[in-house]
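These notebook entries record what I looked up about charged side-chain pairs and about one further residue.

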Amino acid sequence: MITNTEIEKRGNQYPNKIVDFKQDNDRIYFTTENGVILEITVLRDSAVRFRYATEHVFEPDFSYALSADVNTGYNELTVTEEIPEYVIKTAKIKIYIKKSNLKVQIVDLEDNVINEDESGFHWEENYDYGGNLVKMTKVTQSAESFYGMGDKASHTNLKGKRVSNWATDSYAYGKDQEPLYKSIPFYVGLHNNIAYGIFFDNSFGSYFDFAHERRNETSFWADGGEMNYYFFYGPQIAQVVEAYTDLTGVPELPPMWALGFHQSKWSYYPEKKVKKIAATFREKKIPCDAIYLDIDYMEGFRCFTWNNRRFPNPKKMVDDLYADGFKTVTMIDPGIKIDRDYWVYKQAMDHGYFCRRADGPHFKGKVWPGECKFPDFTNPEVREWWAGLYKEMIAEVGVHGVWNDMNEPAIMEVPTKTANLDVRHDYDGHPCSHRKAHNVYGMQMVRATYNGIKKYTFPKRPFVLTRAGYSGTQRYCATWTGDNVATWEHLWIANVQMQRMCMSGYSFVGSDIGGFAEQPNGELFARWIQLGVFHPFCRVHSSGDHGEQEPWSFGSEVTDIVRKFIELRYQLMPYLYTMFYRYIKEGIPMLQSLVYYDQEDTQTHFRTDEFLFGEQILVCPVQEPNAQGRRMYIPKGKWYNYWTEELVEGGVEKWVAAGIDKMPLFIKEGAMIPKYPVQQYIGEKEITELKIDVYYKDGSESSSVYEDQQEGYDYKKGRYSYRKFRLRGKPNELILQQFKDGTFTTPYETFKLQFHGLPFKIKSIEFDNEIVPLKSVNFDGNNSIEVNKDFTEIHIIGK
């Protein structure tokens, strides 16, 4: 018997002294005596990648998270050797690398600490699976706060929390439950008015401790792979989020109907029921753009099939719904029923597309159809095949969008709720086990779906929805936050999850409005609709086990409230569409937590309820029963109460009245909010005039409106209209300037400007330096005028 105590459970190991250094353009390498290599890559002056290898060897450099369009380039890069450390300097930061132990400290150019290692990088050999558990421990700075991390059902500020990333089917999850459906290992740190971000790009199960175990330490670690993280310096949170979003990518513009109101249930069938639901929306004049078909439209839950008894002519049904303005969205799951007569199963078997266990047999798991096999979506050949499966559904039947569910992947009747860890994956030519591929499985499924839907809907734009995802999944699809519950607590959870997802680079997100599990009462449903219409993705979805959850299910009072708020969303559609455009062009989150809006105000650091919808509408849902209002924090600036037009000063917490038919809603002073008329669905009406609500400010404010054909790709060729407005208010005058970009001609010729909060009565109006008669602009005495859409400058002059 031979024993070697040296390799027996050595525990945590740490780098020792640096013995070698070299620089290769933007990459700098430090090697330690015990075989650790630190590779530092400078992407931008404020964005740096840190990558650690042990035993002198890096793994192949591959990631699903990164966008193909990352902006790189820096203005300055120097490396100097000093007695205790090496110093890397860019135009924004300095990085100190300690010679004795490889610890890292990052400071700004005034030597203010941004982020620093506590015990730094360390690792532990994994004797069960091979490789290492890789770990990083940082110093928690004084009064530091933490944000981001995707769909966590916790307070927006994660200080004192420990969270994990392992995509999990978490039916009826609770507050603070871990893990959930998504794995987005990115967080924002904020201390001393300095913001930074860390993205730990490792697809193994990962864990983050934000001063939970030890109040002066923040740690993150993974069950395998490399210690590979990206560091982003602000100092503004907005700069950090923009840099992370640039690294991991943004989606294309969706078709505008995808931003409308959607109705779903598990499940609407047969066809007669689907058509009845659609007809009731139109009868009751509640706007709706999409109806969803859950798994019961299939034949025995076999993907890419139709149950011909429930849906005898799916193409005609889809066409009939479309004629009434409804787009049809169908569910597709990853599990393929084991059935030798089932064409999808047969194709996958013939080509070897299913995942296998370590010793060769196919992996099998039980889901809705019974025993299933699962395609390996990390294989590009499988993705191409899967994309092609959508041809009949999209190109022939005419379905408009697809919804990928259960793609964590979820497996029933096993304790782990997912695939065995020894399942093998191609990982795009980097073969691995499910331990590494699990968190990207759903992402790669929806990537394949997106490619198929895009191909077969062309020249229109695709719409795809996913439940599971990893960083970067936002490039392909919208998402929702899974199987929530019809409780007031879950209304709070939905609010914080959307804010967190948006700060994590994933803005096209919503919740199951009203709750998926259990049944809301009318008050909860109304309050949830009020919140949900201010989320980028807006869909009611519920379990068929718990009663009806259509907008008219709770009596006429609630129906009227729901209709009023859905109509408001449709009126705000050009504002929402502009939010989406700015998200994909500038990386601006569509929803902004108050700390994102004003990090200097420490009152914002622990606020959860209030958020900005875009950059000029402040929203605060009512989140408890029997309330006639609530206290809320008004951030810096001045804000108009949307309902009363009262102007309130920010920087204070105050009571805001909000009975069941209202919610606290404020407009930033100086804003110019574009509105469309109420439509029952996108495209129902030709827009003959753009209404713009103009909110007076003594000072200046910028606004914008983006428009295009609402479908198709002509916008990528310059056929869009992007109008930027500048408002300047004086005690006796209001000046509006417009700057135009793009070649798209909008269908309307005029703006209707509705003025709010003017401190004077209108005496005269100058239109591009010419005084015009008040009658010529339809001035009606109610502070509203109509002007040509192509004005350059308007002066509103008071008496």
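The entries below take the salt bridges in turn and then a single alanine.

**Entry 1. Overall search.** I note at the outset that the model is predicted. I searched the whole structure for salt bridges and obtained 58. I then examined three pairs and one network.

**Entry 2. Asp-169 and Arg-467.** I looked up the salt bridge between Asp-169 and Arg-467, whose closest N and O atoms are 3.4 Å apart. Asp-169 belongs to the loop between β12 (162–165) and β13 (182–183), and Arg-467 to the loop between β28 (464–466) and β29 (469–470), so the pair ties together parts that are 298 residues apart in sequence. I next asked whether Asp-169 is buried or exposed. Its relative accessible area is 18%, and Asp-169 is therefore buried, the cut-off being under 20%. Arg-467 also counts as buried, at 1% relative accessibility.

**Entry 3. Asp-320 and Lys-275.** I recorded a salt bridge between Asp-320 and Lys-275, with 2.9 Å between the closest N and O atoms. Where do the two residues of this pair lie? Asp-320 is in helix α3 (residues 314–323) and Lys-275 is in helix α2 (residues 271–283); the pair links distant parts of the chain, 45 residues apart. I found Asp-320 to be partly exposed, with a relative accessible area of 29%. Lys-275 is partly exposed as well, with a value of 28%.

**Entry 4. Lys-675 and Asp-693.** The third pair I examined is the salt bridge of Lys-675 with Asp-693, in which the closest N and O atoms are 2.9 Å apart. Here the link runs between strands: Lys-675 is in β42 (residues 672–675) and Asp-693 in β43 (residues 689–695), 18 residues apart. I noted Lys-675 as buried, with a relative accessible area of 6%. Asp-693 likewise counts as buried, at 2% relative accessibility.

**Entry 5. A network.** I also looked for salt bridges that share partners. Such bridges join Arg-27, Glu-39, Arg-49, Arg-51, Asp-61 and Glu-226 into one network.

**Entry 6. Ala-657.** I turned last to Ala-657, which lies in strand β40 (residues 652–657). Its relative accessibility is 55%, so Ala-657 counts as exposed, the cut-off being over 50%. Which residues does Ala-657 touch, leaving aside those up to four places away in sequence? I found Gln-628 and Gly-629. I also recorded the separation of Ala-657 from Arg-631: 26 residues in sequence and 8.7 Å in space, C-alpha to C-alpha.

Technical notes
Residues are numbered from 1 along each chain as its sequence is written. This is a predicted model: local features need pLDDT of at least 70, side-chain atom pairs count only at pLDDT 80 or more; totals for chains, interfaces and linings use all residues. Side-chain values use heavy atoms; hydrogens and water are left out. A salt bridge is a side-chain nitrogen of Lys or Arg within 4 Å of a carboxyl oxygen of Asp or Glu. Helices (H or I, at least four residues) and strands (E, at least two) are DSSP runs, numbered from the N terminus. Buried means under 20% relative accessible area, exposed over 50%, partly exposed in between (1.4 Å probe, protein chains only). Contact means heavy atoms within 4.5 Å.
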